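Grab a pencil and your favourite viewer. Here are some exercises to work through, each with a solution you can check step by step.

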Amino acid sequence: MSDIPLEASMRKTVLPGGRIGILGGGQLGMMFIESAQKMGYRVHVFSPDADAPACKLADRVTVGLFDDVEALKTFARSVEVVTLEFENIPRQAVEVLEHHTQMYPGPNALITSQNRIEEKTFFQKRGYSVPPFEVIKTPDDLTQAVHRLGYPSVLKTTTMGYDGKGQQVLFSSDDLSTALNIVGPEGEWILEKFIDFEAECSVVAVRGHDGSMAHLGVFQNFHEKNILDVTVSAGAEMDDVEKGAIETTFGLLKELDMVGIVCLEFFITKDKQLLVNEMAPRPHNSGHISMETHRSSQFDLHVRAVCGLPLGDTSQVTPGAMANIMGDLWVDGQEPDWRQLDAFPGVKLYLYGKAEARPGRKMGHISVIHEDPFVCLETIRAARKALIRVKNYGPC
Ligand code: AMP
């Protein structure tokens, strides 16, 4: 096989019954496999961890590291298209795969999403508003940036930051002193102005081989300790801010010539401005509720898009809400008492089959539908609260 990357014009449809490869074995991969298998596809997972949730469902598993070029080539040759459920795939791995099969998303989207500075610079260049930020390379940069942006501000690692990892809010000069010890001579950080936003929302949208696009509406998100806690999909008529969020997300999909799902997260300020926070070039935690609320879930859509099928019906059937089940709910290794959910007959439980529960680890989620989005929100919060047996549990 040649070493020339595949051109967009060479995108090949993979019909049901075909073979899809997915990089990463987490719960996003697991739910992707469920959708793919329902459509008759066979899925080959490439994961460094043999016990990961997706490995239990996959038709075939390669346990390998992302720097194992030979294993990646063999994997790529065994499938007709490769996608991913985790964007922090090393660039070299993406290049190897791109040369041996069609891969969605491609390197542009991946590389942009892997580094917060690249990502925010990209958004700014396209005219999307982002929270004011500064690049930090030295302790002196940090002191000056805090002086310009003021307190509070948020110091973040530029790479491998997800679920609130690698970030801290600086409220005072005491916090700055602590942070100055973290910022060393090696590496890069980003300091963002802390946005006292009115709300957070996300848009999950999809683009097919032929450039057609669809979206699942605007999800309202509530975070706890910087990790997504609850999502509501109201399905109501969109206001101008929400229409702007959809337009921005479609613009991004086109700019990056992406195929597949993207999720764009936003802050909505008190004066109704949209600020882009970050992108994920894959199905997203906030999109899980689409499995209940839409005719096609984000996973169905990702399968159809990467395989080059028409995107299908993306209409919303009902409002719904989702709450994450975090490892924090396990007390001394003991599972939550799931029978507490019996008091909420409409609530559905999803557990990802992870062996070890740790604070901050996503173990599953619960979801509910109801014609009134406020009832959805109240019910999902009450159901999750019923599972809490510890004092000081962050969420709720
Ligand atoms: P991130 O990993 O950047 O998506 O951040 C996770 C969560 O932390 C966001 O969804 C917000 O709730 C919060 N957060 C991150 N950056 C900021 C900011 N600049 N201002 C206010 N809250 C933030």
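The exercises below go through a predicted model, from its domains to its sheets, cores and single residues.

**Exercise 1. Into which domains is the protein chain divided, and how far apart are the C-alpha centres of domain 1 and domain 2?**

Step 1: Start with the bounds. Domain 1 covers 8–103, domain 2 covers 132–193 and domain 3 covers 197–386.

Step 2: Now take the C-alpha centres of domain 1 and domain 2, which lie 36 Å apart.

**Exercise 2. Work out the strand order of the open sheet of 5 strands, and find its edges.**

Step 1: Walk across the sheet, and you'll read β3-β2-β1-β4-β5, with parallel pairing.

Step 2: Look for strands that pair on one side only; these are β3 (60–63) and β5 (102–103).

Step 3: Zoom in on one pair. Strand β2 (residues 42–47) runs parallel to β3 and is joined to it by 4 bridges. For a landmark, find His 44, which faces Arg 60 in β3.

Step 4: Add the helix. α1 packs on this sheet and touches β1 (19–23), β2 and β4 (81–84), its direction making about 170° with that of β1.

**Exercise 3. Describe helix α1: what is its span, and how many of its residues are buried?**

Step 1: Helix α1 takes in residues 27–38, 12 in number. From first C-alpha to last it reaches 17 Å, close to the 16 Å expected at 1.5 Å a residue.

Step 2: Check the cover. The helix is mostly covered, with 9 of its 12 residues buried. Among them are Leu 28, Met 31, Phe 32 and Ile 33.

Step 3: See what comes next. Gly 40 follows α1, and its phi is positive, near 90°.

**Exercise 4. Lay out the open sheet of 8 strands. Which strands stand at the edges, and why is one side of each left without a neighbour?**

Step 1: The order is β14-β13-β10-β11-β12-β15-β17-β16, and the pairing is antiparallel.

Step 2: Go to the edges, where you'll meet β14 and β16 (348–351). Each has a single partner strand, so one side of each has no neighbour in the sheet.

Step 3: Check the twist. Direction ignored, neighbouring strands of this sheet are turned by 25° against each other on average.

Step 4: Compare the pairings. β13 and β14 are antiparallel over 6 bridges, with Cys 263 standing opposite Ala 280 in β14. β15 and β17 run antiparallel and are joined by 7 bridges, and here Ile 325 stands opposite Gly 364 in β17. β16 also runs antiparallel to β17, through 4 bridges, and Tyr 350 has His 365 in β17 as its bridge partner.

Step 5: Test the cover of β17. This strand is mostly covered: 7 of its 8 residues are buried.

**Exercise 5. Which residues have the most contacts inside the largest nonpolar core, and which elements supply it?**

Step 1: The core has 27 residues, and those with the most contacts inside it are Phe 123, Leu 252, Phe 266 and Met 279.

Step 2: Trace the suppliers. At least two residues each come from α5 (116–125), β10 (199–207), α8 (240–255), β13 (260–268) and β14 (274–280). The largest share, 5 residues, is from α8.

Step 3: Look around Met 279. Beyond its neighbours within four places in sequence, its contacts include Phe 123, Leu 252, Val 262 and Leu 264.

Step 4: Don't stop there. Apart from this core lies another one, of 26 residues, among them Ile 33, Ala 36, Cys 55 and Val 306.

**Exercise 6. Ala 280 and Ala 214: where does each sit, and why does Ala 214 count as buried?**

Step 1: Place them. Ala 280 is in strand β14, while Ala 214 is in strand β11 (residues 213–224).

Step 2: Apply the cut-off, under 20% relative accessible area. Ala 214 counts as buried because its relative accessibility is 10%. Ala 280 is buried too, at 2%.

Step 3: List the company. Not counting residues up to four places away in sequence, Ala 280 touches Glu 87, Ile 261, Val 262 and Cys 263. With neighbours within four places again left aside, Ala 214 is in contact with Ala 205, Val 206, Phe 250, Leu 311 and Thr 314.

Step 4: Set sequence against space. Ala 280 and Glu 85 are 195 residues apart in sequence, and 9.6 Å apart from C-alpha to C-alpha. Ala 214 and Glu 192 are 22 residues apart in sequence, and 31 Å apart in space, C-alpha to C-alpha.

Notes: Residues are numbered from 1 along each chain as its sequence is written. This is a predicted model: local features need pLDDT of at least 70, side-chain atom pairs count only at pLDDT 80 or more; totals for chains, interfaces and linings use all residues. Side-chain values use heavy atoms; hydrogens and water are left out. The expected span of a helix is 1.5 Å times one less than its number of residues. Buried means under 20% relative accessible area, exposed over 50%, partly exposed in between (1.4 Å probe, protein chains only). Domain bounds come from an automatic or database domain assignment. A nonpolar core is a set of buried Ala, Val, Leu, Ile, Met, Phe, Trp, Tyr and Cys residues joined through side-chain atoms within 4.5 Å. Contact means heavy atoms within 4.5 Å. Two strands pair if DSSP finds at least two bridges between them. Axes are lines fitted to C-alpha atoms, for helices over the stretch in contact, and angles run from 0 to 180 degrees between N-to-C directions.
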